[in-house]
Amino acid sequence: VTFPEALGKVHVYDMITKERAMALTSRVDRVMAFAVSPCGEYMFTSGEYNHDILVWNLTTSVVKARLTGHQARVCCLEAHEDGTLLSGGDDKTCIVWNWKMESIVRQYSMKRGYGIGKVAYCSNHGVAVVVGNNNPDAVVFPCQNTNKQPLTLKGPPGGISTLVYNE
């Protein structure tokens with residue numbers, strides 16, 4: 001279990017011993033988004049004022065990589081066992097990363113709204129779903145560079161508050 005705090009620290013707890021296993025610090029700003037790899041060995045954090053994503057090795061408590069590509073704050077992250085990481089930011093961009101290779105696979109930019117607030121990924125179909133802040137619609141786009149066009153799904157007038165993709 002992890003808990004980010006305002007001072008750039010993330011506290012990691014062991015659920016068996018119920019003790020804090022580690023406190024990771026390397027940011028000068030508060031942690032805005034974080035995700036943990038399905039294997040539990042890696043954690044991803046983004047800061048309020050830094051536009052990068054730190055990849056932490058939880059076994060060694062060391063930053064393995066720094067992913068750069070966003071032009072504004074990163075608001076949401078989602079990690080998957082195949083090495084895919086999705087990030088959405090206030091720059092209205094969703095980036096599909098191969099975090100194991102530390103590379104960008106694809107970027108998608110939304111035309112409306114105030115940034116991307118939610119992301120979800122389907123490895124079986126190779127698509128990402130993004131929802132913008134103050135935008136009632138969701139957009140489904142292929143994670144690989146293909147000729148397939150994004151699909152816009154009309155959301156409710158009040159917007160979408162939660163996003164889950166069920167494979």
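A residue is called buried when its relative accessible area is under 20%, exposed when it is over 50%, and partly exposed in between, with a 1.4 Å probe and protein chains only. By that criterion Cys122 is buried, with a relative accessible area of 0%. The model is a predicted one, in which local features need pLDDT of at least 70, side-chain atom pairs count only at pLDDT 80 or more, and totals for chains, interfaces and linings use all residues. Residues are numbered from 1 along each chain as its sequence is written, and side-chain values use heavy atoms, with hydrogens and water left out.

The predictor's confidence in each residue is expressed as pLDDT, from 0 to 100. Over the protein chain the average pLDDT is 82, and 89% of the residues score at least 70. Among the elements of the chain, the lowest mean pLDDT, 52, belongs to strand β1 (residues 2-4), and the highest, 93, to β10.

The secondary structure of the protein chain comprises zero helices and 15 strands. Here helices (H or I, at least four residues) and strands (E, at least two) are DSSP runs, numbered from the N terminus. Of the 167 residues in the chain, 44% are buried. The chain exposes about 8900 Å², of which carbon and sulfur atoms supply 50%; these areas come from the Shrake-Rupley method with a 1.4 Å probe, and for residues only the protein chains shown count as cover. A contact means heavy atoms within 4.5 Å. Among contacts between residues at least 6 apart in sequence, 33% join residues at least 24 apart.

Strands of a sheet pair through backbone hydrogen bonds, either parallel or antiparallel. Two strands are taken to pair if DSSP finds at least two bridges between them. One open sheet has four strands in the order β4-β5-β6-β7, with antiparallel pairing. Its edges are formed by β4 (31-36) and β7 (62-67), each with a single partner strand, so one side of each is left without a neighbour in the sheet. The twist of this sheet averages 25° from one strand to the next, where axes are lines fitted to C-alpha atoms, for helices over the stretch in contact, and angles run from 0 to 180 degrees between N-to-C directions. Within the sheet, strand β5 (residues 42-47) and strand β6 (residues 53-57) pair over five bridges in the antiparallel sense, and Met43 has Trp56 in β6 as its bridge partner.

Another open sheet of four strands follows the order β8-β9-β10-β11, again with antiparallel pairing. Its edge strands, β8 (74-79) and β11 (103-109), each pair on one side only. The twist averages 20° from one strand to the next. Five antiparallel bridges link β8 and β9, one pair of bridge partners being Cys76 and Gly88 in β9. These two strands form a hairpin with four residues between them, and Gly83 in the turn has a positive phi of about 95°. Strand β9 (residues 84-89) also pairs with strand β10 (residues 93-98), in the antiparallel sense over five bridges; there, Leu86 has Val96 as its partner.

Cys75 lies in strand β8. Residues up to four places away in sequence aside, Cys75 touches Met32, Ala33, Gly88, Gly89, Asp90 and Ile116. Cys75 is also 7.6 Å from Ser46, C-alpha to C-alpha, although the two are 29 residues apart in sequence.

Ile116 leads to a further set of strands, since it stands opposite Gly132 in β13. Strand β12 (residues 116-122) runs antiparallel to β13 and is joined to it by six bridges. The two form a hairpin with four residues between them, in whose turn Gly126 has a positive phi of about 65°. On its other pairing, β13 meets strand β14 (residues 138-142) in the antiparallel sense over five bridges, with Val131 partnered by Ala138.

In a regular strand the side chains alternate between the two faces of the sheet. Both faces of β13 are covered, with Val127, Val129 and Val131 buried on one side and Ala128, Val130 and Gly132 buried on the other. Because six of the six residues of β13 (residues 127-132) are buried, the strand is largely enclosed by the rest of the structure.

The cysteines remain to be considered. The structure holds zero disulfides, a disulfide being a pair of cysteine sulfur atoms within 2.5 Å. For Cys122, the nearest cysteine sulfur, that of Cys143, is 8.8 Å away. The sulfur of Cys143 has its closest cysteine sulfur in Cys94, at 7.4 Å, which is too far for a bond. Cys143 is buried, with a relative accessible area of 3%.
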